[in-house]
Amino acid sequence: MRLFSRLLLLTLAATLSYAQLTIDQKTSDFQSLAALYAKRYGPYEWKRDALGVDLFNIAPWLAQVQATNNDLDFYEVMSQYVASLNDAHDIYELPSTFQASLNFTVDIYDGKLLVDSINRSRLPAAEFGFVTGYELVSIDGQDAQTQLDGLLRYEIAANPRSTRRLAAQLLTSRPQVLMPHAADVPEISVVLFRRPDGNMESYRIPWAKSGLLLTSVGRYTTPGFSALTGISGTSGIPIADPPDAPPVPDETPAYLQVLNRLQNCRLPDKTVNGFGGQVPVFAASLPLSFVLRQGRFGSDPFYSGVFSANGHTIGFIRIPSYAPINTTVALTAFQSEIAFFQANTEGLVVDEMRNPGGSVSYLNAIVSYLMPSKWRSIPFELRATSEWVQAISSSLVSAAALGAPQTYIDLLQLIKDEIVAANSAMRGRTKPIPLDDVTIDRAPATDAKGNIIAYTKPLIVLVDEMSASAGDAFAATIQDNARGPLLGWRTMGAGGNVEAWEAGTYSLGVATVTESLMNRKTAIVTAEYPSAPYVENIGVRPEIEVDYMTADNLNQKGKPFVDAFVAAIVAQIQAKK
């Protein structure tokens, strides 16, 4: 019933274009959005002090809201309020399924917007002769880099490089769920490319349009019921029920639902090539000696194999995300691969580039197979809200009634006690606490007899600016415990758990909210931000800096990057001998 109601309202929103929200309705919904962040946003003090962004100062935003003349412009203000936080997790989504696409993508290589994929079923080579590696110069006479500057606000990703790369995808793909005026494209655009030899080529490329176009929400005389509550938004993040909402049927026990919400550290899907993909972007350039073990089938949770270099046998495994379809199956597969690598390799390359994140619990389980001695996990400073106290209290009752394992009961009690303590001390956040276990310090993985089964040999971890959220946490954990060097580029800096909420009774939007701050072992000193033990915005900086986003890597299918990490793992192996 709820799904039907949501689809009905989306349809009405897309078709009843003659009615616009009133100023009072827009003001009410913006205040609801601002109140949502005021109550729940974990990094408030960090953003205020490090970035100079005060989300409590809403007067200028209210003035913009009240100056809007239509619903789409109102949505622009809502979106930009959230974007001002410079938080990769936090986005404002419209109730729209409309999208326009030119059926090719560009990304930023050596500072240039180069084509890196083409949908040949829509753009056959006989008619559209441009190829991968061409530089996008302009669309309809407008400089592409200038257009990109205007799109940054729709794909904020915690640091300038990540933001520009994500926004580059919007040059050729316009989803209205993020861009209120996405439909403002012609039927056909004139697209100008620069070839590698410097000559220009121009094409008339049609925009492929799909979904229901939103032109206005429609005017409501009284607040409607919550059409989106409990239904997954387009971000793929579950929308939380307000405390008084009717229950949504779910086979997951209530106590696990709460823990899953707390442990959710994942970005929504992005159109960057290979983002969350099973196969590494450089797979075609892996050493000729590479023998594939996992990854032949799309259902395989990992892409793994073994290769030789300089007389050494080296393992390779890609972790595409920390949100597998089946956690038990994935962990069993990972354990099996680690056992094989321990017995048959001298070193290991772990690839978590373009990893959107996922579950903290799964992340730490993976880490336990890579840490042969006691290690420190990444705790969180959680926003201490009364809603969490209520939800966890209810979950404690449910856990006891259902005979839940004592470990879950102890964890819920710990989190609740720390939230209550923070409230009693008039602090907005808890002290750093674990969200998946009662202890921050962890033991390595062991078998049924207590024998350590974690990998003990040298390893390196591949990261980039698309290693996000739980991907950030994985990199931070490896680095904080000095397990092995990170190679690649600074991670995104999406440093907390995230949850999606309705953001206004009238406008039907959804906002995702970061509710905590990942807390590292020591304060991180950078040139861009104040010294702080956080991942948010700062990201995790690799010991070995190698940039994948170069034209050479694009044109050579990642071979220079592969050569670099092969040399790095060989050096690690030889240093241990």
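Let me begin with a term: helices and strands here are DSSP runs, numbered from the N terminus, where a strand needs at least two residues. With that in hand, I can place phenylalanine 302, which is found in the loop between S12 and strand S13, the latter covering 303-309. I should also say at the outset that what we are looking at is a predicted model.

Staying with phenylalanine 302 for a moment, is this residue buried or exposed? Phenylalanine 302 counts as buried because its relative accessible area is 1%, and buried means under 20%. If we set aside the neighbours within four places in sequence, phenylalanine 302 is in contact with a list of residues that includes Gln278, Gln294, Gly295, Ile317, Arg318, Ile319 and Pro320, and also Ala330, Ala333, Phe334, Tyr362 and Ile366. Leucine 487, by contrast, lies 185 residues from phenylalanine 302 along the chain, and the C-alpha atoms of these two residues are separated by 20 Å.

Let me turn now to the aromatic rings, of which the structure holds 30 pairs. One of these pairs is formed by phenylalanine 282 and phenylalanine 316, and its geometry is edge-to-face, with 6.0 Å from centre to centre and 80° between the planes. This pair links distant parts of the chain, since phenylalanine 282 sits in the loop between strand S11 (264-266) and strand S12 (291-294), while phenylalanine 316 belongs to strand S14, residues 312-318, and the two are 34 residues apart. Both phenylalanine 282 and phenylalanine 316 are buried.

Phenylalanine 282 also forms an aromatic pair with phenylalanine 561, and here the arrangement is tilted, at 5.8 Å centre to centre with 35° between the planes. This pair too links distant parts of the chain, as phenylalanine 282 is in the loop between S11 and S12 and phenylalanine 561 is in helix H15, residues 559-576, which puts them 279 residues apart. How buried are the two partners, in terms of relative accessible area? The value for phenylalanine 282 is 0%, so this residue counts as buried, and phenylalanine 561, at 1%, is therefore buried as well. Taking a wider view, ring pairs link Phe282, Phe290, Tyr303, Phe316, Tyr548, Phe561 and Phe565 into a cluster.

Rings also appear beside charged groups in this model. Arginine 40 lies over the face of tryptophan 501, at 3.9 Å from the ring centre, and the charged end of arginine 120 sits over the ring of phenylalanine 130, 5.8 Å from its centre.

Next, I would like to go through two helix packings. In the first, the axes of helix H2 (residues 23-40) and helix H4 (residues 59-67) come within 9 Å and cross at roughly 150°. H2 and H4 are therefore roughly antiparallel to each other, given that angles over 145 degrees are counted that way, and their crossing is right-handed. On the H2 side, Ile23, Lys26, Thr27, Phe30 and Gln31 meet Trp61, Leu62, Val65 and Gln66 of H4.

In the second packing, helix H11 (residues 386-401) and helix H12 (residues 406-424) have axes 10 Å apart and pack at an angle of about 155°, so H11 and H12 are likewise roughly antiparallel to each other. Which hand does the crossing of H11 and H12 have? The crossing of H11 and H12 is left-handed, and the residues making the contact include Trp388, Val389, Ile392 and Leu396 from H11, together with Ile409, Leu412, Ile415 and Ile419 from H12.

Valine 397 also has its place in helix H11, and because its relative accessibility is 58%, valine 397 counts as exposed. Valine 397 and alanine 254 are 143 residues apart in sequence, and their C-alpha atoms are 9.4 Å apart in space.

I will finish with the backbone. Most residues other than glycine have a negative phi. Asparagine 103, however, has a positive phi of about 65° although it is not a glycine, and asparagine 103 is found in the loop between strand S2 (99-101) and strand S3 (104-109). At a relative accessible area of 14%, asparagine 103 is therefore buried. Serine 469 also has a positive phi, near 60°, and its location is the loop between strand S20 (459-463) and helix H13 (470-480). Serine 469 counts as buried because its relative accessibility is 0%.

Terms used: Residues numbered from 1 in each chain as written. Predicted model: local features only at pLDDT ≥ 70, side-chain atom pairs only at ≥ 80, totals over all residues. Heavy atoms only, no water. Phe/Tyr/Trp six-rings, centres within 6.5 Å; stacked < 30°, edge-to-face > 60°. Helix = DSSP H or I, 4+ residues; strand = E, 2+ residues; numbered from the N terminus. Buried < 20%, exposed > 50% of the residue type's maximum accessible area, 1.4 Å probe, protein only. Lys NZ or Arg CZ within 6 Å of the ring centre and 35° of its normal. Axes fitted to C-alpha atoms, helices over the stretch in contact; angles between N-to-C directions. Parallel < 35°, antiparallel > 145°, perpendicular 65-115°, else oblique. Left-handed = near helix turned anticlockwise from the far one by under 90°. Contact = heavy atoms within 4.5 Å.
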